[in-house]
Amino acid sequence: MILPGNATVTEPTSITALPAAPLHALEIWANPAKVAARVQKALGFALPAMNHSAANAAITLLRFEPTVWLAEGDVSVLADTLGDDGALTAIGGGIVRFRIAGPGWRELLLEGGVFDTSAAALPVGATAATVIDHVGVRLHVESDDACIAYVPSSYAQSLHHFWDEALSLIGA
Amino acid sequence: MSGPARAPSGDETIPFTFDGTAYRARPGDTLAAALLANGVGLVARSFKYHRPRGIMSAGIEEPNALVTVGTGGRTEPNTRATDVFVYPGLVAKSQNRWPSLSFDVAAIFGLAAPALGAGFYYKTFFGPAKHWMRYEGFIRRAAGLGDAPTEADPDNFSQVAGFCDVLVVGSGPAGLKAALEAAEAGNRVFLVEQDAVPGGSLLRDPDSGLDPAAMIQRIEALGGKVLLRTTASGYWDHNFLTLTQRLVEPGAVPTNGFAQRLWHVRAGRVVLATGLIERPVPFAGNDLPGVMLSQAVRSYIRRWGVVPGQRVVIATNNDDAYLTAAAIIEAGAQVVALLDARASGPAAPAGVTVYHDARPAGATGRKHGLRKVTAVIGGSEQSFDADLLAMSGGFVPVSHLHMQAGGKLVWDEAAQAFIPGETPQVCETIGSAISPPPAPAVAPAGKAKKSFVDFQNDVSLADIDLAWQEGYRSVEHLKRYTTLGMATDQGKTSNMVALARLAEKQGVTVPQAGLTTFRPPFTPVTMGLLAGAGARNAGAHVRRIPLHALHEAHDPIWQPLGYWFRPRAYPVNGENLAQAALREAQTVRTVAGLSDVSTLGKFEVSGPDAAKLLELVCATTVGKLATGRGRYTFMLREDGFVFDDGTVWRLAEDRYLLTSSTGGADRMAGHLSYVRQVLRPDLKCSVVNVQEHYAGIALAGPRARSILAALTGAEPPRHMGYAPGTLAGTPVHVLAASYSGERAFEIHVEASHAEQVWQAIEDATRAEGGAPYGLEAMELLRIEKGHVVVGGEVDGRSTPHDLGLGGMLGKAGGFVGAAGLTRPALSAAGRNNFVGLVSLDGPIPEGGMLITRAGTSPQGHVTAAARRILEGGAIALALLQDGHKRHGEELTVSSPTRGEKARVRVTSPHFYDPAGERYRD
Amino acid sequence: MYEIACPHCGPRAQTEFTYERTVDAVVDPAADAHTAMQALFTRANPMGLDEEIWRHTYGCRAWMVLTRHRVTHVIEAVKAIGPEALA
């Protein structure tokens, strides 16, 4: 039972800020089916569905919005697929990526949160945009053992601090 | 009680103090149990009358035994002694007494009693004001609870989300069974218990068929979460509950920094197994130390081995108190009399004399317990020597959460209690809370004046009678007039007793008399818990600009600006803020300066319909903008008023950059999304918020162009032109925009590469004799230039015409706010117009009113005041009635709050280079 | 705190959403001044079901119309609006 101060996780959970990566917003405003077909041909995988991700060696597409995908990696091959149906806009300077790894990551992300991070609600490969301690954060489940959090740069330092303090609470 | 109520066993290992005296407790003792065990019966003085008070209950409903726990920033006032578990070093103090608990001046001289009856507060308003002034000081000294701590709380508070299929509140027999059943059916279960151990009533009345510890183990093995020391304190819409969890006891030092946790739980189904609270019995002196609730007496005996009295009178109207009689006998104490208000009852334990048709009428006490109890038996009075009275006036189902959830209550005549009825949420109440035992209504015996109903707020039967006599019929009025039920316990023990009295007065049934509403929180919640992590930093995270660390190295004066922190000035050689800002502004006017403008709102709009969207959002023309050009623009609300301004740049054929004010950036993001997605979902365009993607550096001054040319190796764009470039090996956008009035540029660079770009510009600027400048210098520069600022001159009530921007409006209309702007009132005479002011004497007080002469109504106000940067002399910007037509007029600026005045002449707001000649190379 | 079934993300906490306005308060940019001001300042304000525009601002950023009961707070329907519905 959860007694005062009684930790529920015993193995270490870690929070690591990742180096800046090329990130783009890929927005499609027309002919979504045709664009999807062109993208599939160019990338070798389909545009992921809402709250899902898909990747090849060069690029990961994460869908957080109905008409916008977050493209992480080399977007050069994408630009030609869009035509007049969509656009790419660089946004990487405004986002800090954190890898939250270890057995306690799901519990840690409940701190200050409003979103169910259990495996049933947020399985491996899933994405979700939510609020953590008043900050808009985007999540991507890398594996059972790790999650990437995309945090606005201006909040990165204080949210990192928030997570560090919360780690001591969940005992990770 | 005389002397300790528990024989030492050697387990008394936990030292604590109460009012400076050292005592010892056993593990598992509440402060109340430990005090009683040590023979301390007097623990508090009452709110108004300073009456001696003891411990009445064994639970969170305790109205009397409020103490202050902890020291320094961890001090927690008004904590129930029954709801604190003793830990080593616990420091507890009594409240509302002077100079000491046992010798309280206010009580001994009876200072309070005559003046403070029902409605005392209101009545004092009717006399002359000077009487109120006299009363106020007296009341403030005499009445009160614990003092708020003066130091900051050093602890952290966690707020955490929880999700479950079934949330069970209460770990008594019903709750345990329900939680186990739900867990066995494969549900995600939360079981919440406010006590430190599970069991609820089983701790008082064990059941050999139910083993709480084993059941908890089973629930947890099935994946359930059991939260102890956790109170379900609020039940909100859509099955959302807030739970407050004590990670350590009040005042204790947490091991991991966190003192409490606030759970935000969304539950599929809620099961309320919240049990009952026992009802006190009204009789004279029912508030004295030594008068306790019957079940509480049983709890102290059975759970803690504390026997709070040796000669006990029991007063009841139900069968449950007979169990207390048995517990007292088991413990070796004596039941002097069992007063049963009913004509008959169950069999009493051996050695207990039962009196039927018997009610308590009065009690008298000594310091830590009772001396004598008087009862009315049949028609005659009888007295008993007794040190403890255990009372039971029936039971009140704990329906608070049910009611918070929007549920109805129904009247149970046999129990004389309201029980949970229909509920709009997925929620049910089970166990004793839905089926309280029968307990008939009993008319109080004894004097009304000292028969307390609301113990915490010192409301007696006489106060209720007085309110009735003075015409207060509705329960809502009664509550406000007497303050009944308005104490920190929200009337947990008092509401039903009071309602019964009111019903009796009205000659109606209790449900006809009405019921007040229960509101969250169920028990008091500390402020720190509600603030969460924000308790330390004013409630929100600070947003850091990309170059925060670089600026920090210059040791600037920081300025909080919304969530952001920005450099306000960079003082050198011991300058103060004003000196530094003036030097920085003069440097911009004469050489060059650089400033961080990264917080500007920035949006990239791309696609074939990008211009169409911008023409809708911006009130100025945009469509005709050539690639590589930009212009000033502003945006209107639908009602026609200006709400933001910025610049718009055509970066490429199908791509624009829109900037907007720092403070309005989030609002602008929402507005753009609304216009694009709700109003014009058909447009072929993409709007992306790039506020944080780009760091922005402003470079301004007569040498800005040459500095930039040298850094980029290219001729910078002319004023309001755009060019991509490379600076310090980094791709940049160069926008030739000016806020200062000088030839100037905004250099936007991907934030992660901003440092090398800033450093290169700073080095080159310093080499020319320039310097960085902060927000304060920027303000001096823009005031002199006469640029409006959102939140200053753009105050939500100004039209483009008011601000002198009418000429820039898109002639074709079609933008948001165009229709609103045609309303006659927005072009009527008498509107506040944007003007400049030049002082004819001293400094102009910011915020001052513009008047023609003393005693006349203000005709406008000063929005920003400054001085001419190079020439000196006070200037200001203002909004003035019909100001456009009043240039040359002399007025007075008066600031009564600052006690300052200045004579001014109205001018154009553009003091500096009105023709814009300095923008030309 | 409400639970709102986002058409794109499923049930989410109200914290992630922002309220915009009722559907009857949407101002057509092409409307004349009288019609526009009627929409802005005159509301049906029913004591019952109303249609409200909300945005999943801190989630998928999409807009939707909630059919919400203004007394019981029951949300009877959520409908996606915006360009995503073009698909």
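Two residues count as being in contact if their C-beta atoms, placed from the backbone, lie within 7 Å. By that yardstick, 61% of the contacts in chain A with a separation of 6 or more come from residues 24 or more positions apart. The model is a predicted one.

Chain A has four helices and ten strands, and reading along the sequence gives the pattern β-β-α-β-β-β-α-β-β-α-β-β-β-α. Its radius of gyration comes out at 17 Å, close to the 16 Å that the globule rule gives for 172 residues, so chain A is as compact as a globular protein of that length. The C-alpha trace spans about 60 × 30 × 25 Å along its principal axes. As for burial, 51% of the 172 residues in chain A are buried.

Chain A also touches chain C, and each partner brings 13 residues to the contact. On the chain C side, these break down into seven nonpolar, three polar and three charged residues.

Over in chain B, helix 6 (residues 212-221) makes a nice example of a two-sided helix. Its buried residues are Pro212(B), Met215(B), Ile216(B) and Ile219(B). Looking down the helix axis, these fall within an arc of 100°, so they line one face. The general background is simple: an α-helix has 3.6 residues a turn, so residues three or four places apart point the same way. Helix 5 (173-184), strand 9 (189-192) and strand 10 (225-227) of chain B are among the elements covering the buried residues of helix 6. The face turned away from the buried side carries exposed Ala213(B), Ala214(B) and Ala221(B). After helix 6 comes Gly223(B), with a positive phi near 95°.

Definitions and conventions:
Residues are numbered from 1 along each chain as its sequence is written. Chains are lettered from A and ligands numbered from 1 in the order in which they are written. This is a predicted model: local features need pLDDT of at least 70, side-chain atom pairs count only at pLDDT 80 or more; totals for chains, interfaces and linings use all residues. A residue is buried if 20 or more other C-beta atoms lie within 10 Å of its own, exposed if 12 or fewer, and partly exposed in between; C-beta atoms are placed from the backbone. The arc is that of the directions from the helix axis to the C-beta atoms. Ala, Val, Leu, Ile, Met, Phe, Trp, Tyr, Cys and Pro count as nonpolar, Asp, Glu, Lys and Arg as charged, and the others, Gly among them, as polar. The radius of gyration is taken over C-alpha atoms; the globule rule is 2.2 Å times the number of residues to the power 0.38.
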